[in-house]
Amino acid sequence: MSEAFSETYVEARQKFLSMASQRDAKLLSVVHPTVRGAQGEDLAIDVAIFGDPEAEKTLFLVSGTHGQEGFYGSALQIAFLRDLEIPQGVNVVALHGLNPWGFSHLSRTDEENIDVNRNFTDYGVAAAQDEVYPMLFHALCPDDWTEETIDWSAARDAITRDYGVKRMVTAAGGGQIVEPTGMNYVGKGPSWSRTVVEDHLPQIFAKSRKIAFIEWHTGLGGYGELSHIPMMEPGSPGYERMFSWLGDEARETWSKGMDFTDGVTPDYRGWFSAWLPSTAPHAEWSGMVIEAGTYGVISVMDAIRIDRWLKFGKGRSSVPRDEMRRSMMDKLFPEDPAWREKALANGLEAQEQMFRGLLAW
C-alpha cells in the first residue's frame, strides 16, 4: 500500500483523480481563482462521490484541512476506495485537499495564514484564550529560531501557574483573533476553503439521511497510533454510535495523546467537523476527527512553530531553511516506512469500521 502515499500535492491529486476516474466516481473540482501551487499547478478542492449520488447513507472522508497532513489523509482515501465494494443505498464522498494551498506549499495554513480548522466560527468575537495569547505569542513565534528561542516552557509554565493548564493549552492551540501572523489564526472572514464547502456540501448531502464521517489529521497520539476526537455531543446517540463501531478503547485516546498536560484537552473554536452537520440538518450524523500520532504534542507544536517561522520569521536561524522544512514535515508526516505502514493500516481499519457501522445503521 506504500504506493498510495505521495511526496507532493501534484502527485497526490493526480493519484486521487485517476482513481476517481477509474471508479467512474462523480467528480466536483473547484479550482482556486487567484493562487497557484508550489510547482505552478492549479490548486483545487476535489470532491468525488463513489456509489449512488442519491444514496441515503453516506460515508464522508476528508483530507488536507491542515496542508502538510493531507499526505496521510490522501493516502487513506486512495488505498481505501481503490477496490471498495459499495452496495446499493450507500455512497462514499471523499473530499481531497480542503486546504490545497497548504497541501502544495507544505504549510498548515492557507495563503492568508488562516488555520482552516479554526475558520468555521464567528469572526472578530473574542474568547477567553485571546487574552492569554499575547503572552504566548513571542515565546511561540520568536523572531530568531535558535537553541535559545526554541524552548517555550517558561511562558507555558507561567501561564499555567496564573491561569491554569486548560486556559494555557487552549490559548496555545484553540484558535485566536489577536495576531494575523500567529499560529491558529481564525481569520477576519470566511476562508476560500470555507466558501467552497458552504456552497457545495449542502447539495452533495441533499439526499443523505445518515452520514458518518472522518476528518484525517496527523500529530497527536502514540507513534502510528490513532487519536480519536469526537465531534458529537457526549452521551448523544451519534457519540455513542461512533464508539460502538470503533470500540470503547477509542474513547480515551485523545486525552492520552495530550501527554504534556496530563490529559487536559483544549477548548477549540472553529473546527470544520464541528460545523459540518449544519450542511445537512435533515440528516443524522456520527463522526469525528482522527489523528495519526507522530512524536508527541511538543514536537508537533514545534513543527507548527517552524511552519510559522518559515513564513514570517525575520531573524536568524541556527539551521538552514531547507533543513527546518524537512524537520517540520517529518514531525507531521514521518518519512519512516514503519510509521507509514502502521498509520496506514490503522487508518484503513478505522475507515472499514465506520463503513461497516454505516451499513448496519
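**Notes on the predicted model**

1. A good place to start is the sheet: strand β3 (residues 57–62) runs parallel to β5, and the two are paired over 6 bridges. Within that pairing, T58 has I211 of β5 as its bridge partner. Please keep in mind that this is a predicted model.

2. On β5 itself, there is a second parallel pairing, with β7, over 10 bridges. Here T218 stands opposite A292 of β7. Of the 10 residues in β5 (residues 210–219), 9 are buried, so the strand is largely enclosed by the rest of the structure.

3. Following β7 (284–293) onward brings you to T294, which sits in the loop between β7 and α12 (297–312). T294 counts as buried because its relative accessibility is 4%, under the 20% cut-off. A polar atom of the T294 side chain lies 2.7 Å from the backbone oxygen of K331. Beyond its neighbours within four places in sequence, T294 touches a set of residues that includes G219, Y223, V300, K331 and W339.

4. Helix α1 (residues 9–22) is worth a look in your viewer. Its 14 residues reach 20 Å from first C-alpha to last, close to the 20 Å expected at 1.5 Å a residue. The buried residues of α1 are Y9, A12, R13, K15, F16, M19 and A20. Viewed down the helix axis, these buried residues fall within an arc of 160°, so they line one face of α1. S21 and Q22, on the other side, are exposed. Among the elements covering the buried residues are β1 (26–31), β2 (44–51), α2 (70–81) and β4 (90–96). Just after the helix, D24 has a positive phi of about 55°.

5. Which residue forms a salt bridge with K15? The partner is E11, with the closest N and O atoms 3.1 Å apart. The two are 4 residues apart in α1, which means a separation of about one helical turn. K15 counts as buried at 19% relative accessibility, whereas E11 is partly exposed at 30%.

6. The salt bridge count comes to 20. One of them joins the side chains of R161 and D162 at 3.3 Å, N to O, and both of these residues are exposed. Another links R251 and E240 at 2.7 Å, N to O. Because R251 is in the loop between α9 (237–246) and α10 (253–257) while E240 is in α9, this pair ties together parts 11 residues apart in sequence. R251 is partly exposed, at 28% relative accessible area, and E240 is partly exposed, at 33%. Elsewhere, salt bridges with shared partners join E69, R108 and D115 into one network.

Key:
Residues are numbered from 1 along each chain as its sequence is written. This is a predicted model: local features need pLDDT of at least 70, side-chain atom pairs count only at pLDDT 80 or more; totals for chains, interfaces and linings use all residues. Side-chain values use heavy atoms; hydrogens and water are left out. Buried means under 20% relative accessible area, exposed over 50%, partly exposed in between (1.4 Å probe, protein chains only). A polar contact is a pair of N or O atoms within 3.5 Å; within protein, one must be able to donate a hydrogen and the other to accept it, and residues adjacent in sequence count only if both atoms are side-chain atoms. Contact means heavy atoms within 4.5 Å. Two strands pair if DSSP finds at least two bridges between them. The expected span of a helix is 1.5 Å times one less than its number of residues. The arc is that of the directions from the helix axis to the C-beta atoms. A salt bridge is a side-chain nitrogen of Lys or Arg within 4 Å of a carboxyl oxygen of Asp or Glu.
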